Structures are given as structure tokens and as C-alpha cells.
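I opened this entry to look up one helix and the aromatic ring pairs. My notes are below the display.

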Amino acid sequence: MDDAARRQASDLLYDTWMKGEVIDALPDAIRPQSRAEGYAVQALLEKRFSAPLWGWKIAATSTAGQTHIGVDGPLAGRIFAERVLAPGATVPAGANRMKVAEVEFAFRFSRDLAP
């Protein structure tokens with residue numbers, strides 16, 4: 001996957017996300033073929049937000065969750081500050097196609113941890 005394909009994938013994902021739209025899949029020409037390529041596309045999304053990265057999440061931590069989304073292990077994802085709701089905020093459910101809410105727990109550490 002070259003730089004142009006990564007940018008196109010990032011553009012499509014960002015534009016679709018911000019419009020509240022859904023696509024079935026990225027077109028073959030710009031679909032990451034590995035975890036590393038997927039993370040490279042995700043890294044480009046981070047550059048679109050002005051606030052510093054708010055944190056990280058881990059998805060598909062169980063075998064059932066991995067099977068559900070067709071992956072072979074847990075996935076890390078960025079949490080963007082502009083997408084975090086303030087405590088006490090109402091969570092809009094209009095575009096929630098799955099009709100469920102997933103609770104995320106966030107922890108703040110007093111200092112950065114070594115990788």
C-alpha cells in the first residue's frame with residue numbers, strides 16, 4: 001500500500017465518519033492488506049484533529065469479539081479528543097445502526113509509560 005492509497009483510505013474513512021454515513025468496505029485498491037497498513041491509515045486520521053490524541057482503546061479482546069468482526073487478535077484504536085463526550089453529556093443514538101451502547105473505561109496515568 002503506497003502513500004497515495006493510504007491517504008485515499010484515510011480521506012474516505014474520515015469523510016464518511018464525519019457525515020455519519022456507512023460504507024460496507026473500503027474499495028479494493030485502497031483497502032489495507034495487513035494490520036500494519038491499517039494502523040498506518042489510522043495514523044493519518046489522527047492528523048485531521050487539532051487536539052492532542054486523547055487516548056487509546058483496545059477492541060476485540062475476546063475470541064468471540066474477534067470472530068464477530070473477522071480478525072485474529074485484539075486491535076488498538078486511537079481515541080480522538082474531539083470525539084469524546086463530556087461527563088453527563090447525552091449520547092446521540094440517531095446514527096447507531098447496532099442499537100447498542102458500548103461502555104469504554106478510561107484511565108489517566110500520572111506519567112507516560114514506556115512502550
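The notes take the helix before the rings.

I worked on a predicted model, where local features need pLDDT of at least 70, side-chain atom pairs count only at pLDDT 80 or more, and totals for chains, interfaces and linings use all residues. Residues are numbered from 1 along each chain as its sequence is written, and side-chain values use heavy atoms, with hydrogens and water left out.

**Helix α2.** I took helices (H or I, at least four residues) and strands (E, at least two) as DSSP runs, numbered from the N terminus. I looked up which residues of α2 are buried (under 20% relative accessible area, 1.4 Å probe, protein chains only), and found E37, V41, Q42 and L45. Seen down the axis of α2, the buried residues fall within an arc of 140 degrees (directions from the helix axis to the C-beta atoms), so they line one face of the helix. They pack against α1 (3-19), β1 (53-59) and β2 (75-80), with contact meaning heavy atoms within 4.5 Å.

**Rings.** I searched the whole structure and got four aromatic pairs. Rings of Phe, Tyr and Trp (its six-membered ring) pair if their centres lie within 6.5 Å; planes under 30 degrees apart are stacked, over 60 edge-to-face, the rest tilted. Y14 and F49 have ring centres 5.8 Å apart and planes at 70 degrees, so I logged the pair as edge-to-face. Y14 lies in helix α1 and F49 in the loop between α2 and β1, so the pair ties together parts 35 residues apart in sequence. F49, at 11% relative accessibility, counts as buried. I logged F49 and F80 as stacked, at 4.4 Å centre to centre and 20 degrees between the planes. F80 lies in strand β2, 31 residues from F49. Ring pairs link Y14, W17, F49 and F80 into a cluster.

Methods
Buried < 20%, exposed > 50% of the residue type's maximum accessible area, 1.4 Å probe, protein only.
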